[in-house]
Structure formats: C-alpha cells, structure tokens
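User: I have a sequence and a model of it in front of me. Please take me through the metal site, the bound ligand and a few individual residues.

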Amino acid sequence: MTVSNGLPLDIPVIDLSDESKVGKDVVEVVSRLGFLFVKNAGEDEILQEHINHLFKLSQAFFSSPVAVKETCSINSNKSGKNKGWLSMGEETLDPGNQKRGDVKEAFNIGEFIDGKAQQPLPEVLAAHHDEIARFQASCHALCNRILRTLARGLEITEGDWFAQRHDQSKGPSGSVLRLLYYPTVSGDTDSLTEDIRAGAHSDYGSVTLLFQLPGQPGLEILTPQGTWSPVPVNPNNDPTPPVLVNIGDLLSYWTNGLLKSTVHRVIFPNTGKKGGDDRYSIVYFCHPQDDEKLLPVPSPLVEQHGAGKAQVTAENVMTARDHLNNRLAATYKLS
Ligand SMILES: O=C(O)CCC(=O)C(=O)O
Ligand SMILES: [Fe+2]
C-alpha cells in the first residue's frame with residue numbers, strides 16, 4: 001500500500017450559483033483531479049441543519065442493537081439489491097489488495113419513488129422518513145446542477161443532456177444515499193497497518209456528494225503523481241462547509257476518460273488515538289436511469305480527447321446497470 005505524502009491537495013471551492021460562468025472551471029478541475037468542492041449556498045443549498053440532523057439519525061441507527069440492524073440487512077431479500085445494512089467487513093472495496101473487508105458499517109438507502117422509500121427502514125430512520133426523502137431529493141437537485149454545469153463546460157449543445165438522463169421520474173436508477181460508520185478499533189498495531197476503513201476504489205455512478213464531520217479526517221485521494229493526499233473536511237473553515245464532489249466511473253466512460261473517476265480510500269488516521277476515533281460520513285451516489293448507454297457524449301472536447309483511442313461502439317457498449325452490477329459483484333459477498 002503506497003504511503004500518504006501528508007500534503008493536502010489544493011481542491012478548489014467553486015460557487016455554482018451562476019452555472020453559465022463556471023462550466024469551464026469545473027471541467028478543468030475535474031479533468032485534472034476528479035474532485036472539487038462546491039459552495040453550499042444559493043438555490044440548491046443543502047441546509048446545514050438538515051445535514052446535522054441526518055448525522056444524528058445515522059449515529060442513532062449505528063448504535064442500535066445488531067438484532068435491529070439485521071432486520072434490514074443488505075442480504076435480506078426484503079431490501080432489494082444494494083440496499084440496507086452492511087455489517088462490518090461485508091464490503092471489500094479493493095478486493096485485489098485487501099486481506100479483510102473494510103472496517104466500517106454502512107446503510108444504503110435506494111431511490112424513493114413518489115417520495116416513498118422502497119425498502120424497510122429501521123424504526124429510528126422510519127420515524128424520519130420524510131426528512132430523509134427530502135435530503136435525498138436535495139442531493140439529487142444539487143447533482144443535476146453539477147451535471148448542467150459540466151454539460152456547459154463540455155460544450156454539449158443540449159445543456160440538459162446529462163440532467164435528462166438523471167430524471168428520477170423516467171425510470172429506476174442505482175442512486176443511493178449511504179450512511180457510513182467507521183468505528184474506533186482496539187486491535188493490535190499489526191492488524192491496524194493491514195486494515196483499512198475503505199479500500200482504494202473509484203465510485204460507480206456519475207457524480208458523488210460527500211458530507212464529512214469536522215475533526216473526523218481519513219479520506220485520501222490518489223494524485224496524478226501516484227501518491228496519496230488527504231482531503232480536507234472544510235478547506236477554508238467556512239461556517240457552512242462546502243460539499244465535496246467527485247466524478248464517478250460513468251462520467252469517465254461518457255467522456256472518453258476526460259473527466260477523471262479518481263481512486264480514493266479512507267484510512268485510520270496516523271495521528272491521535274491508535275485505532276482512530278469514530279468517523280461518520282454521508283454519501284450520495286447519483287446514477288442515471290439504469291438503461292442509459294455509456295457512449296461518448298456529443299461534446300467537441302470529448303471527441304478530441306478520445307481521438308486515436310479505442311472507441312466504444314453501439315455493439316460493445318455497457319449500460320449504467322451493467323457497470324453497477326459488475327462492480328457490486330466484485331466488492332460484495334452477495335449472492
Ligand atoms: O467515507 C468517506 O469519506 C468516503 C466513502 C467512499 O468513498 C465511498 O463509500 O464510496
Ligand atoms: Fe467512494
């Protein structure tokens with residue numbers, strides 16, 4: 001495992017309130033780093049009190065007895081594919097390099113249809129069903145703003161090209177709101193140097209939003225130089241921290257690799273308490289409709305970037321669903 005260089009990357013914070021002005025900047029940053037921060041303000045602001053509230057619910061859920069969590073296990077037939085509770089070690093994000101599964105628990109909440117969850121929720125979450133539905137909807141709205149900004153920056157004539165393909169009223173998608181809990185461990189030093197909170201991976205969807213808590217670091221990204229750099233939680237110490245955004249595999253396929261689906265991981269902090277402090281995060285993985293084909297988008301920049309490379313054709317193209325299923329098969333011990 002490559003060691004961290006300890007130097008935080010300079011990931012710009014961009015204000016998307018005027019989409020028409022920042023498309024080029026956003027495309028420049030994500031074709032270099034795959035990550036950026038967006039200012040959490042304006043029409044698609046996700047209110048800090050809503051974020052804090054969901055973190056509280058997440059803490060309440062993960063501290064529930066195992067018997068309660070098991071009632072909504074990802075393995076139970078009740079929840080449906082990729083939905084529900086994942087126990088410690090159940091997912092291995094980097095199966096080629098990890099001896100054991102990720103040291104974390106997760107709860108995956110799939111799409112809401114007509115504002116209703118499509119899976120059983122444990123009581124502590126069910127009691128706040130409507131707030132969770134609203135949170136998911138506000139994440140999706142912010143992703144659509146990001147997607148429209150990208151379309152502009154890529155000079156796609158149809159400004160809604162991506163957003164139309166992420167219209168939740170048009171059919172099912174793999175979008176997931178995920179609560180994550182990385183517990184403190186009291187293991188010996190050996191297991192700590194071998195174990196990882198989330199193995200190195202790229203994300204499977206189009207755009208990911210990540211919410212972290214102050215004082216709970218651990219996310220690192222693989223830089224173009226091949227070293228690991230920590231990602232700050234709140235780079236400018238704003239009273240309202242910006243939202244961390246990263247590009248997933250689908251946008252990379254759609255753009256002939258121009259937009260980077262950057263590999264990242266979550267480590268045990270190497271300062272402070274051995275075994276880390278508890279860490280919580282909330283992730284929104286935004287996916288297009290399942291049947292969307294991953295052919296290059298009609299953008300002159302994408303065409304230029306793909307020149308001379310092997311081209312995806314209508315015959316060998318994957319759908320969004322194919323890609324997600326391939327990744328899930330590799331990283332879960334699910335049947
Ligand atoms: O918890 C984090 O900071 C990142 C989680 C992550 O990368 C993922 O679940 O895909
Ligand atoms: Fe990730």
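The turns below go through this predicted model, starting with the metal.

User: Which residues are the protein donors of the iron ion (ligand 2), and through which atoms?

Analyst: The donors lie 2.1 to 2.2 Å from the iron ion (ligand 2). In sequence they follow the spacing H-x1-D-x60-H. Two histidines each contribute NE2 and an aspartate contributes OD, so with a donor cut-off of 2.8 Å the protein donors are H201 (NE2), D203 (OD) and H264 (NE2).

User: How many residues apart in sequence are the parts that D203 and H264 tie together?

Analyst: D203 belongs to the loop between β8 (198-201) and β9 (207-212), whereas H264 is in strand β13 (residues 264-266). Both D203 and H264 are buried. Because one residue comes from that loop and the other from β13, the pair ties together parts whose separation in sequence is 61 residues.

User: Which residues are around ligand 1?

Analyst: Ligand 1 sits in the largest cavity. Its shell takes at least two residues from each of β7 (176-182), β13 and β14 (279-286). The residues around ligand 1 are R178, L180, Y182, H201, D203, L210, H264, V266, R279, S281 and F285.

User: How far is an oxygen atom of ligand 1 from the side chains of H201, D203 and R279?

Analyst: H201 and D203 are donors of the iron ion (ligand 2), and both are also among the residues around ligand 1. For H201, a polar side-chain atom is 3.0 Å from a ligand oxygen. For D203, an N or O atom of the side chain is 3.2 Å from an oxygen of ligand 1. For R279, the corresponding separation between a side-chain N or O atom and a ligand oxygen is 3.0 Å.

User: What share of the accessible area that ligand 1 has on its own does the protein cover?

Analyst: On its own, ligand 1 has 300 Å² of accessible area. The ligand sits in the largest cavity. The share covered by the protein is 96%.

User: N237 has a positive phi although it is not a glycine; is N237 buried or exposed?

Analyst: Most residues other than glycine have a negative phi. The phi of N237 is about 50°, and N237 is in the loop between β11 (228-230) and β12 (243-247). Its relative accessible area is 66%, and because the limit for exposed is over 50%, N237 is exposed.

User: N256 also has a positive phi; is N256 buried or exposed?

Analyst: Phi of N256 is near 55°, and N256 is a residue other than glycine. N256 is in the loop between α8 (249-254) and β13. Its relative accessibility is 15%, and since buried means under 20%, N256 counts as buried.

User: What distance separates the C-alpha atoms of I146 and S63?

Analyst: I146 lies in helix α5 (residues 129-153). I146 is buried, with a relative accessible area of 2%. I146 and S63 are 83 residues apart along the chain, and their C-alpha atoms are separated by 34 Å.

User: How far apart in space are N270 and G218, C-alpha to C-alpha?

Analyst: N270 is placed in the loop between β13 and β14. At 66% relative accessibility, N270 counts as exposed. In sequence N270 and G218 are 52 residues apart, and in space their C-alpha to C-alpha distance is 9.0 Å.

User: What separates the C-alpha atoms of P224 and L33 in space?

Analyst: P224 is in the loop between β10 (219-222) and β11. P224 counts as exposed, at 60% relative accessibility. Along the chain P224 and L33 are 191 residues apart, and the separation of their C-alpha atoms is 7.5 Å.

User: How far apart in space are M318 and L294, C-alpha to C-alpha?

Analyst: M318 is found in the loop between α9 (300-306) and α10 (320-331). With a relative accessible area of 23%, M318 is partly exposed. M318 and L294 are 24 residues apart in sequence, and their C-alpha to C-alpha distance is 5.8 Å.

Key:
Residues are numbered from 1 along each chain as its sequence is written. Chains are lettered from A and ligands numbered from 1 in the order in which they are written. This is a predicted model: local features need pLDDT of at least 70, side-chain atom pairs count only at pLDDT 80 or more; totals for chains, interfaces and linings use all residues. Side-chain values use heavy atoms; hydrogens and water are left out. Donors are N, O and S atoms within 2.8 Å of the metal (3.2 Å for Na, K and Ca); water is not among the atoms, so sites may look incomplete. Helices (H or I, at least four residues) and strands (E, at least two) are DSSP runs, numbered from the N terminus. Buried means under 20% relative accessible area, exposed over 50%, partly exposed in between (1.4 Å probe, protein chains only). A residue is near a molecule or strand if one of its heavy atoms lies within 4 Å of it. A polar contact is a pair of N or O atoms within 3.5 Å; within protein, one must be able to donate a hydrogen and the other to accept it, and residues adjacent in sequence count only if both atoms are side-chain atoms. Accessible areas come from the Shrake-Rupley method with a 1.4 Å probe; for residues, only the protein chains shown count as cover. On a 1 Å grid over the protein atoms alone, a cavity is a set of points where a 1.4 Å probe fits but cannot get out, and a pocket is an open set with protein on both sides within 12 Å along at least five of seven lines; lining residues have an atom within 4 Å of a point. A molecule sits in a cavity or pocket if more than half of its atoms lie within 2 Å of its grid points.
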